Amino acid sequence: MGNMYKHLLVIGAVVSLQAPISRAAGPTDWPQFRGASSGIADASTLPTEWSTKKNVAWTVDLPGRAWSSPIVWRDRVFVTTAINKGDFKEPSTGIYGNEYVAELQKQGLPMDEIINRVNKRDVEKSSEVDDVRYVVMSLDARTGKVVWQQEAHQGKPAGGRHRKNTYASETPATDGERVYASFGGNVGLFCYSMDGKLLWKHTWKPQPIYLDFGTASSPVVHAGRVYQLHDTEEESTLTALEAKTGKVVWTVERPIQPSMMKSGWSTPFIWESGERTEIVVIGKKLVTSYGLDGKELWRLGGMTQATPSPVAGGGLLYVGSGSQGEANRPMFAVKPGASGDISLKPGETSGPFVAWFQPRVSGYTGSPLFYRGRLYSINDNGVLQVHNAATGAEVYKARVGGIGNTFSSSPVASNGRIFALSEDGDTFVFNAGDSYVELAKNTLGEMSLSSPAADATSFYIRTQKKLYRIKQG
């Protein structure tokens with residue numbers, strides 16, 4: 001029982017015609033999770049300091065509850081949310097470990113009662129929720145005004161959720177022609193025109209998720225296709241769909257390894273290495289790479305809980321997975337052109353297609369950041385580890401913002417600075433370099449597990465109840 005909870009997931013209508021869109025100068029698009037899947041906005045001019053009043057272009061209240069990240073396309077911002085007639089079970093910041101279980105065990109309670117109390121505190125069962133409205137929204141990036149709002153689905157959730165998850169934790173994606181919003185395999189994937197018309201939808205048979213923690217893997221759009229991952233306790237698939245029509249191009253069944261936890265929450269990564277394009281997925285205790293035809297190219301063992309997503313840079317692919325605490329956080333740097341099983345043997349730290357391996361580097365939920373030759377990883381407890389991306393050698397280690405901060409979102413880099421958003425809604429800004437030099441702490445005063453988005457001049461930061469556009473005043 002203790003080991004089970006050691007792996008607790010910390011963990012995301014009226015239509016009006018869209019006004020003509022005019023492209024502003026600069027990188028105005030942040031089209032999916034982590035922008036171009038890198039978290040880098042070097043061509044942007046972003047503020048370093050802000051508060052709830054300072055350098056705020058606008059703030060809007062968002063209905064419902066969601067930890068999906070905002071995305072940006074030119075003059076539009078897209079978000080998803082889940083709305084309930086009643087009250088959702090309240091989230092809280094911090095690390096969910098074994099302490100509560102140990103406390104109950106000391107009281108001499110039977111295991112069934114311990115499980116019941118932990119579930120009552122941490123998990124919201126489907127039976128506890130009214131019908132949920134799954135909603136997609138488009139906002140004017142210049143004003144924050146809602147341009148259109150569509151209800152994708154309404155109904156009782158097929159499964160529950162951990163209280164640090166939501167029923168709308170998947171970040172939407174766009175290719176500038178359509179918007180793709182997923183609410184997990186237990187609800188479906190919905191495609192809208194840029195002015196809010198439903199074009200197609202695709203549903204899957206609901207599947208159980210580990211301990212009723214809910215779903216979180218976001219859709220990824222690339223070259224006319226949408227890729228959606230579903231790793232569950234039973235059936236698990238990666239599906240490629242035609243972006244224009246929603247027609248299934250292929251579906252592959254995911255490999256299953258002996259494991260207490262078969263579910264995953266990682267978002268696929270499109271790796272364009274220069275040799276080929278592949279879809280890289282973390283889950284089922286493996287890293288698995290697929291070709292554009294859906295055939296497996298290579299696999300790498302040694303993964304733990306699948307929540308972070310891969311990143312690439314400097315000619316290498318970086319794949320990691322985390323767990324609570326400082327152990328069991330493997331990070332691998334993979335070389336292009338791999339095939340077959342490239343897993344390392346016990347004691348090995350490199351191989352023909354593995355440039356380096358470090359056992360305690362990956363964050364628990366946040367994805368790594370490759371930036372200017374260094375790899376940045378922030379664990380849920382705020383421990384930042386910076387490594388030479390080419391060799392894996394540690395550059396330095398520090399606590400972001402000092403002791404007492406926890407992190408679930410993924411960091412963003414821009415013009416030599418790293419931006420890390422804590423669960424308390426504080427964004428710590430520090431220099432990209434060989435030591436930790438903090439430049440600012442920017443407080444919004446409200447919980448946030450959502451990763452920031454950026455355009456040419458602004459950050460878009462989602463807190464529990466609000467969406468901020470942060471821009472130099």
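In this predicted model, Phe-213 is buried, its relative accessibility being 1%, and its ring is paired with that of Trp-265, a residue that is likewise buried, with a relative accessible area of 3%. The two rings lie 6.4 Å apart, centre to centre, and their planes enclose 45°; the pair is classed as tilted because an angle that is neither under 30 degrees nor over 60 falls into that class. The contact joins distant parts of the chain, since Phe-213 belongs to the loop between β12 (198-202) and β13 (220-222), whereas Trp-265 sits in the loop between β16 (248-253) and β17 (269-272), 52 residues apart.

The count of aromatic pairs comes to 18. One of them is formed by Trp-50 and Phe-419, with 6.4 Å centre to centre and 15° between the planes, and is stacked. This pair, too, links distant parts of the chain: Trp-50 is found in the loop between β1 (14-15) and β2 (56-61), Phe-419 in strand β31 (residues 417-421), and 369 residues separate them. Trp-50 has a relative accessible area of 4% and Phe-419 a relative accessibility of 2%; both are therefore counted as buried, the limit being under 20%. Ring pairs extend the arrangement to Phe-459, which forms a cluster with Trp-50 and Phe-419.

The loop that carries Phe-213 follows β12 (198-202), and β12 itself is paired in the antiparallel sense with strand β11 (residues 189-193) over 4 bridges. Within this pairing, Tyr-192 stands opposite Leu-198 of β12. The two strands form a hairpin in which 4 residues lie between β11 and β12, and Gly-196 in the turn adopts a positive phi of about 95°.

A further hairpin is made by β19 and β20, with 5 residues between the strands and with Gly-294 in the turn at a positive phi of about 85°. Strand β19 (residues 286-290) and strand β20 (residues 296-301) run antiparallel and are joined by 5 bridges, and Val-287 has Leu-300 in β20 as its bridge partner. Strand β20 also pairs with strand β24 (residues 340-341), in this case in the parallel sense and over 2 bridges, with Arg-299 standing opposite Asp-341 of β24.

An open sheet of 4 strands is formed in the order β26-β27-β28-β29, with antiparallel pairing. Its edges are provided by β26 (369-371) and β29 (394-399), each of which pairs on one side only, and neighbouring strands are turned against each other by 20° on average, with direction ignored. Strand β28 (residues 383-388) is connected to the edge strand β29 by 5 bridges in the antiparallel sense, and in this pairing Val-386 stands opposite Tyr-396 of β29.

As regards confidence, the protein chain averages a pLDDT of 92, and 94% of the residues score at least 70. Residues 1-26 depart from this picture, in that their pLDDT is below 50, although the stretch has 92 contacts in the model beyond near neighbours in sequence. Where pLDDT is low, predicted coordinates should not be read in detail.

Definitions and conventions
Residues numbered from 1 in each chain as written. Predicted model: local features only at pLDDT ≥ 70, side-chain atom pairs only at ≥ 80, totals over all residues. Heavy atoms only, no water. Pairing = 2+ DSSP bridges. Axes fitted to C-alpha atoms, helices over the stretch in contact; angles between N-to-C directions. pLDDT = per-residue confidence, 0-100. Contact = heavy atoms within 4.5 Å. Phe/Tyr/Trp six-rings, centres within 6.5 Å; stacked < 30°, edge-to-face > 60°. Buried < 20%, exposed > 50% of the residue type's maximum accessible area, 1.4 Å probe, protein only.
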